[in-house]
Amino acid sequence: MKIAIIGSGNVGAALGAHWAAAGRSVVFGVRNPAAEKAQAAVAKAPGSRAATVAEAAAEAEVVVLTTPWGDATKEALDACGDLAGKIILDCTNPVNQTFDGLSLGLTTSAGEQVQAWAPQAKVVKIFNTTGSNNMENPDYGGRGATMLYCGDDPVAKETAATLAAEIGFEPADVGPLTQSRFLEPLAMLWISMALRYGYGREIAFQLLRR
Ligand SMILES: NC(=O)c1ccc[n+]([C@@H]2O[C@H](COP(=O)([O-])OP(=O)(O)OC[C@H]3O[C@@H](n4cnc5c(N)ncnc54)[C@H](OP(=O)(O)O)[C@@H]3O)[C@@H](O)[C@H]2O)c1
């Protein structure tokens with residue numbers, strides 16, 4: 001499975017390192033493949049490489065969106081070219097500029113907007129409800145943090161769950177892509193707890209069942 005990770009920042013680098021270690025083909029799609037940030041991500045993901053967004057997306061079956069919300073994500077999707085039939089793992093959160101709320105939500109979501117921007121792709125919302133530190137290391141006392149995900153295509157969701165499990169998360173399917181309306185506020189809850197309300201970043205949500 002060929003994976004294009006669009007963006008080589010906190011989230012892109014953390015995810016890419018795991019998948020490269022698991023033997024996946026990983027290409028970081030970035031604006032400047034020679035830039036220090038892109039090369040640092042490549043160094044953390046042995047066997048990976050950096051390319052333009054168009055090159056990375058063209059050869060990938062799975063495109064992982066790890067760009068800032070808004071124009072950046074729209075621009076990145078446009079730069080990807082034809083995404084028909086490809087799986088998009090949307091990790092974005094529509095966090096506002098003051099980092100204390102969301103710029104859209106509850107009656108729609110970034111996940112649904114991504115699907116509208118790339119109507120022929122199969123979008124799964126995933127890797128948005130926890131910090132990149134937990135993507136680097138999801139282990140909490142021998143158990144993986146829960147990774148909630150949603151989407152409308154069963155095969156795309158299965159792929160997303162496989163890739164989450166490879167990182168060490170416990171994946172949990174929470175339903176159709178409209179559930180992004182609730183996953184994105186949950187991300188805001190994690191952000192506010194971690195950064196404003198005293199918990200710090202070494203926290204993660206765990207789904208309990210009985
Ligand atoms: N950080 C977290 O803990 C976390 C957790 C869950 C979800 N998220 C979400 O994941 C996304 C990425 O977060 P991050 O912390 O990884 O951000 P980041 O470190 O700032 O990295 C963002 C990446 O996107 C690239 N980018 C920006 N504009 C672009 C464009 N127009 N076209 C192509 N690439 C572009 C940047 O490239 P340049 O280097 O060229 O600027 C950079 O590689 C955000 O939507 C965020 O809300 C973050």
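Arg 24 has a relative accessibility of 21%, so Arg 24 counts as partly exposed. Here, buried means under 20% relative accessible area, exposed means over 50%, and partly exposed lies in between (1.4 Å probe, protein chains only). Welcome to this structure, which is a predicted model: local features need pLDDT of at least 70, side-chain atom pairs count only at pLDDT 80 or more, and totals for chains, interfaces and linings use all residues. Residues are numbered from 1 along each chain as its sequence is written, and side-chain values use heavy atoms, with hydrogens and water left out.

**Salt bridges**

Let us follow the charged side chains. A salt bridge is a side-chain nitrogen of Lys or Arg within 4 Å of a carboxyl oxygen of Asp or Glu, and the structure holds nine of them. Three are listed here.

| Pair | Closest N and O atoms |
|---|---|
| Arg 24 and Glu 166 | 2.5 Å |
| Arg 181 and Glu 112 | 2.7 Å |
| Asp 173 and Lys 157 | 2.9 Å |

Take the salt bridge between Arg 24 and Glu 166. Arg 24 sits in the loop between helix H1 (10–21) and strand E2 (25–30), and Glu 166 sits in helix H7 (residues 154–167), so this pair ties together parts that are 142 residues apart in sequence. Helices (H or I, at least four residues) and strands (E, at least two) are DSSP runs, numbered from the N terminus. Glu 166 is partly exposed, at a relative accessible area of 30%.

Helix H7 also takes part in the salt bridge of Asp 173 with Lys 157. Asp 173 belongs to strand E10 (residues 170–173) and Lys 157 to helix H7, so the pair joins parts that are 16 residues apart in sequence. Asp 173 is partly exposed at 43%, while Lys 157 is buried at 11% relative accessibility.

Next comes the salt bridge between Arg 181 and Glu 112. With Arg 181 in helix H8 (residues 180–195) and Glu 112 in helix H5 (residues 110–117), this pair links distant parts of the chain, 69 residues apart. Arg 181 is partly exposed at 22% relative accessibility, whereas Glu 112 is buried at 17%.

Salt bridges can also join up: Asp 90, Lys 125 and Glu 184 are linked in a network.

**Around helix H5**

Which residues of H5 are buried? They are Ala 110, Gly 111, Glu 112, Val 114 and Gln 115. The cover over the buried residues of H5 includes strand E4 (62–65), helix H4 (71–80), strand E5 (87–90), strand E6 (122–125) and H8.

Key:
Contact = heavy atoms within 4.5 Å.
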